[in-house]
Every structure is written in C-alpha cells, then in structure tokens.
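Here is a quick tour of one fold, starting with charged pairs and moving on to strands, a helix and a bit of surface. Keep the viewer open as you read.

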Amino acid sequence: MPRILAIDYGTKRVGLAVTDPLKIIASPLEMVHSKDVIQYLSDYILKEDVESVVCGYPTNEEGEATDATRHVDAFINLFRKKFPTMPLHLQDESFSSQEAMQVMIHSGSKRKQRNKKSGNIDKISAAIILKQFLEEN
C-alpha cells in the first residue's frame, strides 16, 4: 500500500517523515542536507510506493509569508519540475519546530541530544506536519 511522505524543508537540513502503509501513523524517517534532498527523494520514491508528498509551508500568525517562505517556494518549484506527476500538498508548519522540541523534552531527550545538529528536530517536525495533514484530511 502506498505511503505519504512529508518534508520539513530548511536551507541547510531537511526533515522527512512517512506514514505507515495504512496511513494511520506518521513516523520520522530521515534528515538530509538540503543539497541532497532531491536525489534522496528520487531514490526513495523509486524503492517505496509513495502516493503523495506533504510539504510544510511556513507562514506567520497572520497567515502571511515569512523569510523562509521564499526558500520553500523555490524548493516546491524544483520538486514539481523533478516529480511532475507526484501530488504535492502544502501544510501549515507553524510552530512545528517548537512542538518537536517539546516532544523531545517530554520523551526524555537530554539537552545535548536536542541541541546537536543530527536533525532530530527536523525529522520530528516533519512527522508533526504529516500528523496534522492526516488529521485534517
């Protein structure tokens, strides 16, 4: 059964998450560097059955564009050129990073684990974006 893949795009790191085959659970998948994300997605989509992609879309509290929005827009354009037949959904990502930090704190992650650039927050943020998408759809 096909899965849904979620992307939390950042200019340096990209968090990825995926659903289970029944599309009930959103789980962190991987963190990749932004320069490698298109190749990673190409490889992943070739080996896994992905029905659609959800990309976190940054807006402020008033729903207006932020500094990060233009970077995500550029990524979205590149994604659509590379994967023209793949359905792409945009999901508000407001506060997903803050929520990811809270998840890590509540799960007992040490400060050192939360602060290191391993991409834990990026992966968890992508899972939160995907969870919100599943709940709304």
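A salt bridge here is a side-chain nitrogen of Lys or Arg within 4 Å of a carboxyl oxygen of Asp or Glu. With that cut-off, the structure holds 5 salt bridges. Bear in mind that this is a predicted model.

**Charged pairs**

Three of the salt bridges are laid out below, each with its N to O distance and the relative accessible area of both partners.

| Pair | N to O distance | Relative accessible areas |
|---|---|---|
| D122 and R13 | 2.7 Å | D122 11%, R13 24% |
| K35 and D36 | 3.2 Å | K35 70%, D36 33% |
| E135 and K131 | 3.2 Å | E135 57%, K131 42% |

What does the pair of D122 and R13 tie together? D122 sits in helix α5 (residues 120-136) and R13 in strand β2, so their salt bridge links parts that are 109 residues apart in sequence. Buried means under 20% relative accessible area, and D122, at 11%, counts as buried. R13, at 24%, is partly exposed.

The pair of E135 and K131 is a matter within helix α5: the two are 4 residues apart there, which puts about one helical turn between them. An α-helix has 3.6 residues a turn, so residues three or four places apart point the same way. E135 is exposed at 57%, while K131 is partly exposed at 42%. As for K35 and D36, K35 is exposed at 70% and D36 is partly exposed at 33%.

**Strands**

Now for the strand pairing. β4 (50-57) pairs in the parallel sense with β1, over 5 bridges, and A6 has V54 of β4 as its bridge partner. β4 also pairs in the parallel sense with β5 (residues 88-92), again over 5 bridges. On that side, G56 is matched with Q91 of β5. β4 is mostly covered, with 6 of its 8 residues buried.

Which way does the unit made by β4, α2 and β5 turn, right-handed or left-handed? Those three elements make a right-handed β-α-β unit.

β2 and β3 run antiparallel, joined by 7 bridges, and A17 finds its bridge partner in P28 of β3. Together β2 and β3 form a hairpin with 6 residues between them. In the turn, K23 has a positive phi of about 60 degrees, so that's the residue to click on if you like checking backbone angles.

**Helix α1 and what it packs against**

Helix α1 covers residues 37-47, and its buried residues are V37, I38, L41, S42, Y44 and I45. What do those buried residues pack against? They pack against four strands listed by span, β1 (3-8), β2 (13-19), β3 (26-33) and β4 (50-57), and also against helix α2 (69-82).

**A nonpolar patch**

Finally, the surface. M1, L22, I24 and I25 make a nonpolar surface patch of about 460 Å². One of these, I25, is in the loop between β2 and β3. Is I25 buried or partly exposed? With a relative accessible area of 48%, I25 is partly exposed.

Methods. Residues numbered from 1 in each chain as written. Predicted model: local features only at pLDDT ≥ 70, side-chain atom pairs only at ≥ 80, totals over all residues. Heavy atoms only, no water. Buried < 20%, exposed > 50% of the residue type's maximum accessible area, 1.4 Å probe, protein only. Contact = heavy atoms within 4.5 Å. Pairing = 2+ DSSP bridges. Right-handed = clockwise from strand over helix to strand, strands pointing away. Patch = residues over 30% accessible without salt bridge, like charges linked within 9 Å, V, L, I, M, F, W, Y side chains within 5 Å. Areas by Shrake-Rupley, 256 points an atom, 1.4 Å probe, with all protein chains shown as cover.
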